Amino acid sequence: MPAEADATRPSLLLRIRDPQDADSWSNFVDLYSPLLLRYARKRGLQEADAADVTQDVLVQLAKSIRSFEYQPERGRFRDWLGTVVRHRVLRFFKREANQARRADGEWLDDLPATQQDSDWSDAFNAHILNAALEHVRPHFEETTWEAFRLAWLEQQPATTVAEKLEVPVAGVYLAKSRVLKRLREEVMLIAEDWPLEPVR
């Protein structure tokens, strides 16, 4: 799909608010399930339990996301999602240890948006970057992509990249700029990190 068309599309986070948009929800689940599953597994859950926690998070999000409005002064989506998954993992361990009662009424708007978790933030950023890279890769010729990969991902000097690829140094900078522009657009489409505030 051309970049111009992508630029006019609302972000995935906005599209999943429409209950009729099953394709966007499916894309969201495909994008975020592996991140949630890996995070839960890293916290010590077995595969089946991590899958259950992932499902719980997605169900909770599906019920909560449609009642949210854009509020710049509030926490970001990644923080909300991180809070939800941490809460579900903790609840799992508490339930296993019989130390907590079930709290059916706890939804996204009941959780603080400001909790920070560097492991979650790092995992979120890496996951979104890898997904965006995968999505934009087919839109570029091999030489352009290789110039970008070497110059930006591997951080090799532009002169070294130009010599390896037998292209002008200016071409390396242009390739890097073109791919980064598309990459930024893709990140905004799949994970625009707008803040969320529950409607009261």
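A salt bridge here is a side-chain nitrogen of Lys or Arg within 4 Å of a carboxyl oxygen of Asp or Glu. With that in hand, let's walk through this predicted model, starting with its charged pairs.

**Salt bridges**

Searching the whole structure turns up 6 salt bridges. Three of them are set out here:

| Pair | Closest N to O distance |
|---|---|
| R41 and E47 | 3.1 Å |
| E142 and R137 | 2.5 Å |
| R149 and E146 | 2.5 Å |

How far apart do R149 and E146 sit in helix α7? They are 3 residues apart, which means that about one helical turn separates them. R149 is partly exposed, at 24% relative accessible area. This pair also belongs to a network: salt bridges with shared partners link E146, R149 and E154.

The other two pairs are partly exposed as well. R41 has a relative accessibility of 37%, and its partner E47 has 44%. For E142 the value is 48%, while R137 comes in at 23%.

**Nonpolar cores**

Turning to the interior, the largest nonpolar core holds 38 residues. Among those with the most contacts inside this core are F28, Y32, V53, W120 and F124. Helices that give two or more residues to this core include α3 (22-42), α4 (47-64), α5 (77-96), α6 (118-136) and α9 (169-191).

Which residues does F124 touch, leaving aside those up to four places away in sequence? The partners are Y32, L35, F77, R78, L81 and A191.

There is also a second, separate core of 8 residues, with A147, A151, A158 and A162 among its members.

Definitions and conventions. Residues numbered from 1 in each chain as written. Predicted model: local features only at pLDDT ≥ 70, side-chain atom pairs only at ≥ 80, totals over all residues. Heavy atoms only, no water. Core = buried A, V, L, I, M, F, W, Y, C linked by side-chain atoms within 4.5 Å. Buried < 20%, exposed > 50% of the residue type's maximum accessible area, 1.4 Å probe, protein only. Helix = DSSP H or I, 4+ residues; strand = E, 2+ residues; numbered from the N terminus. Contact = heavy atoms within 4.5 Å.
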